[in-house]
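Open your viewer, switch on side chains, and get ready to make a few selections. We will go stop by stop, with something to look for at each one.

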Amino acid sequence: MTEAGHNVSIEKLRGWCQGTWLREVDGAGVIDELVTDSRKISDPEQVLFIPLKTERRDGHEFLAQVYAKGVRNFLVSGHVDVEKLAGANIIKVNDTLVALQQIATGYRRQFNIPVIGITGSNGKTIVKEWLYQLLSGSYNAVRSPKSYNSQIGVPFSVWLMKQQHELGIFEAGLSQPGEMDRLEKIIQPTIGVLTNIGEAHSEGFLNQRQKIKEKLTLFRNVKQLVYCSDHPDVNESIGQFIHMLKGGSAVSPVQLFTWSQKHDADLRITHVERGQNKTTISALFNGAETGITIPFSDPASVENAIHCWCVLLLLQVPAEKIAEGMLLLQPVSMRMVLHYGVNDCTIIDDTYNSDLTSLKIALDYLDQQKQHPHHTVILSDMLQIAKPDRELYDEVAELISKRNIQRFIGIGPELYKHKSGFRQHKKLRSIFFKSTADFLKNFHLLTFSNEAILLKGARAFTFEKIGKLLEQEVHQTVLSINLSSLIHNLNVFRSLLKPGVRSMAMVKAFSYGSGSHEIAHLLQYSGVDYLSVAYIDEGVALRKAGITMPIMVMSPDAVSFDRMIAWKLEPEIFNLRSLELFTAMARTLQAREYPIHIKLDTGMHRLGFVESELPALVEELKQNAHVQVASIFSHLAASEDPTLDDFTEMQAASFQRMSTLITEALPGKPLRHLANSAAIARHKELHYDMVRLGLGLYGIDGSGALQDKLKQIGTLKTTIAQVKVIPAGDTVGYGRRFKAEAETRIAIISIGYADGYPRNLGNGRAHVFIHGQEARVIGVVCMDMCMVDITHIPEATEGDEVIVFGPQLPVTQVARWAETIPYEIMTGISQRVKRVYVNEE
């Protein structure tokens with residue numbers, strides 16, 4: 001992570017974290033940015049790099065890389081060779097994460113302004129964003145970016161505070177006992193908000209009350225606390241909390257501000273009237289009737305809005321201004337969406353969220369799109385930013401100019417007025433329009449081709465109109481891929497590995513239907529060591545998309561060995577003939593010590609050397625100067641099945657014996673890998689030097705051992721094309737397989753077997769979800785559509801969303817209905833189905 005803070009001397013930072021100098025070159029040097037991610041350094045002169053240690057990675061491994069980028073300020077723990085960091089300030093501490101938190105704590109103490117601290121199981125980010133929307137007109141406010149509420153995210157949030165700010169709004173999350181104590185010291189809130197308490201993040205807590213007690217730690221020094229008093233557990237816990245704070249005194253140090261729909265409270269909710277896309281909430285406050293209307297109708301939004309209402313009342317915001325602001329509340333977008341655009345473009349849609357912090361996060365994501373040689377940013381005026389316009393847009397121009405961005409398109413009167421600040425950067429081509437309408441009118445004069453385009457605009461500029469023009473016209477059925485969930489799954493598996501064990505990710509078969517280069521870029525960015533594809537063409541496509549990491553090809557075609565060498569792809573060698581043919585091509589192309597991967601057959605009896613062939617293989621490898629064995633591996637046939645563990649152990653023994661025979665005969669030490677996703681979870685003794693992650697990355701655990709910890713990354717969605725009512729006795733679909741026993745309301749949905757929805761799921765075998773309710777598939781699944789029964793879902797109408805599979809309907813269940821495996825369902829999703837990539841980080 002990296003966020004800009006207020007300029008502070010490195011000597012002051014050293015004092016805050018109680019560090020010692022390993023080398024002091026310039027203690028008065030100013031620090032403007034704290035950075036923990038070596039990939040996110042754009043302005044190194046005033047950066048303090050803080051390498052963090054995790055279970056899987058030690059940031060100290062990247063010190064040389066960061067130094068090469070120009071950083072000259074480091075905060076480290078453990079042994080560091082200072083001679084390799086010549087001319088750099090280096091501070092040593094015991095724990096860099098603790099030091100980061102101490103720095104944030106010291107920095108926070110410089111500010112004497114109201115700070116709202118928000119915690120709870122659900123609703124934290126929405127309440128924080130809505131409070132910012134509601135209060136930014138009255139206060140120069142600073143808030144946590146997106147969901148920066150962790151032990152690392154909170155320090156970066158507080159570092160955003162500047163001297164001109166009048167109000168802070170920060171959220172704090174919790175995953176285990178003891179964490180909130182550290183976050184309270186960093187945030188130091190003066191006003192507390194306790195949102196909904198649910199089951200989220202309950203692991204590690206004995207019960208609900210222990211979790212509530214831990215969350216209340218955030219409020220031990222607040223002056224005022226807002227909460228809903230309708231929940232007995234919360235009331236009892238807060239009563240005990242206040243008793244503890246009193247310490248024998250008769251006066252509570254905290255003013256409690258409660259709201260309730262059930263009994264008397266500071267804000268007594270008397271009536272909630274839901275309409276279409278709006279809700280009117282009536283209440284009593286100080287004995288007088290009052291009310292608000294919000295442009296949402298779901299219960300969660302109502303609850304979040306009431307929490308915000310209470311805070312505004314505490315801050316004595318006039319009722320008329322509250323009502324006006326509530327009516328204008330905007331949806332909170334916490335995710336960036338990546339999808340295909342016209343002319344081979346990639347579109348990153350991060351609209352409705354326009355400020356400097358979120359712009360930096362979006363630019364980091366744009367930087368990852370290496371599959372395109374050119375990057376374009378389309379940005380609107382930034383509204384409600386408490387900074388002089390000239391200073392603001394000069395800062396934006398400076399930020400854009402330091403990135404790999406070739407074209408900037410500014411939309412809005414203020415950007416148009418301050419375009420000179422962009423045009424002083426000669427390498428950046430900049431174009432300006434006074435309004436979105438002006439841009440749309442001139443859209444035909446602009447060319448967009450084979451580039452990554454970031455769309456980032458305030459909601460008032462209706463950038464969704466631009467998105468529709470740039471978006472590729474495709475089938476209405478969409479496979480949404482949650483990239484944040486994929487990284488979550490990667491980290492679940494990484495947590496099971498010993499230090500030093502590497503990871504290879506399988507991205508064959510279009511990344512199990514999820515999209516090859518999009519997934520590969522994320523895995524490369526996340527530090528995976530190897531990628532694996534099935535065929536050479538898949539590897540070449542990844543190279544063309546900008547993937548530079550090692551790629552193993554599992555089913556190489558001998559006639560394409562020349563292309564493989566040209567594109568630096570590494571072949572699986574499975575018999576003497578494939579070794580002979582590859583060596584011949586390497587010799588022709590004058591390649592030496594080219595990396596290859598030896599496949600052993602340990603009992604699965606697909607490709608691979610059998611044990612009797614190893615002496616001949618070893619002799620050939622010993623005298624072959626054109627190849628070098630990068631790894632030795634085999635496939636387990638049944639690692640997920642406990643009833644076949646004897647066979648797995650037999651395979652493991654064969655692999656140990658066969659691979660040892662090879663490694664002892666070779667001068668180098670090849671990597672060995674045997675464990676697939678299921679074996680990572682069930683057979684930890686088989687991790688060797690590297691493991692191979694396949695379907696587990698995508699949220700499916702064949703062994704069942706990790707399924708509760710994984711997140712399904714794919715959601716297949718379509719729409720209702722038509723709704724009709726058929727009378728009793730009528731039939732539906734080919735072969736008249738469904739006959740209505742009573743009048744039936746049906747929906748024709750836009751998915752069929754040509755999209756990858758199995759034909760045998762018809763006739764009541766499967767269901768989809770519409771408005772959160774099951775809708776049974778009736779009749780035969782057609783090529784491009786199928787029919788579902790919506791008699792019991794009266795609100796369903798044409799154009800509504802249909803969930804075919806997703807978190808509430810796992811793809812594993814769809815596979816069971818189809819009498820197949822999840823692999824087949826995922827890889828069978830047609831290329832005509834649009835892929836959309838969601839990043840919630």
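A residue is called buried under 20% relative accessible area, exposed over 50%, and partly exposed in between. Keep in mind, too, that this is a predicted model.

**Stop one: Asp367 and Arg403.** Select Asp367, which has a relative accessible area of 22% and is therefore partly exposed. Now add Arg403: the two side chains form a salt bridge, at 2.9 Å from N to O. Asp367 belongs to helix α11 (residues 356-367), while Arg403 sits in the loop between α12 (389-401) and β19 (407-411), so this pair ties together parts 36 residues apart in sequence. Arg403 itself counts as buried, at 13% relative accessibility.

**Stop two: Glu451 and Arg407.** Move on to Glu451 and Arg407, whose side chains meet in another salt bridge, 3.1 Å from N to O. Here the partners come from two strands, Glu451 from β21 (residues 451-456) and Arg407 from β19, so parts 44 residues apart in sequence are tied together. Is Glu451 buried or exposed? With a relative accessible area of 6%, Glu451 is buried. Arg407 is buried as well, at 7% relative accessibility.

**Stop three: Glu11 and Arg14.** Next, select helix α1 (residues 10-17) and show Glu11 and Arg14, which are three residues apart in this helix and so separated by about one helical turn. Their side chains form a salt bridge at 2.6 Å, N to O. Glu11 has a relative accessible area of 29%, so it is partly exposed.

**Stop four: a network.** Which residues are linked in a network of salt bridges? Select Lys128, Glu129, Arg143 and Glu171 together, and you have that network on screen. If you would like to keep hunting for pairs, the salt bridges in this model come to 26.

**Stop five: helix α9.** Finish by selecting residues 299-314, the 16 residues of helix α9. Draw a line from the first C-alpha to the last and the helix reaches 23 Å, close to the 22 Å expected at 1.5 Å a residue. Now bring back the surroundings: 13 of the 16 residues of α9 are buried, so the helix is largely enclosed by the rest of the structure. Before you leave, step past the end of α9 to Gln316, which follows the helix and has a positive phi, near 60 degrees.

Notes:
Residues numbered from 1 in each chain as written. Predicted model: local features only at pLDDT ≥ 70, side-chain atom pairs only at ≥ 80, totals over all residues. Heavy atoms only, no water. Helix = DSSP H or I, 4+ residues; strand = E, 2+ residues; numbered from the N terminus. Expected span 1.5 Å × (residues − 1). Buried < 20%, exposed > 50% of the residue type's maximum accessible area, 1.4 Å probe, protein only. Salt bridge = Lys/Arg side-chain N within 4 Å of Asp/Glu carboxyl O.
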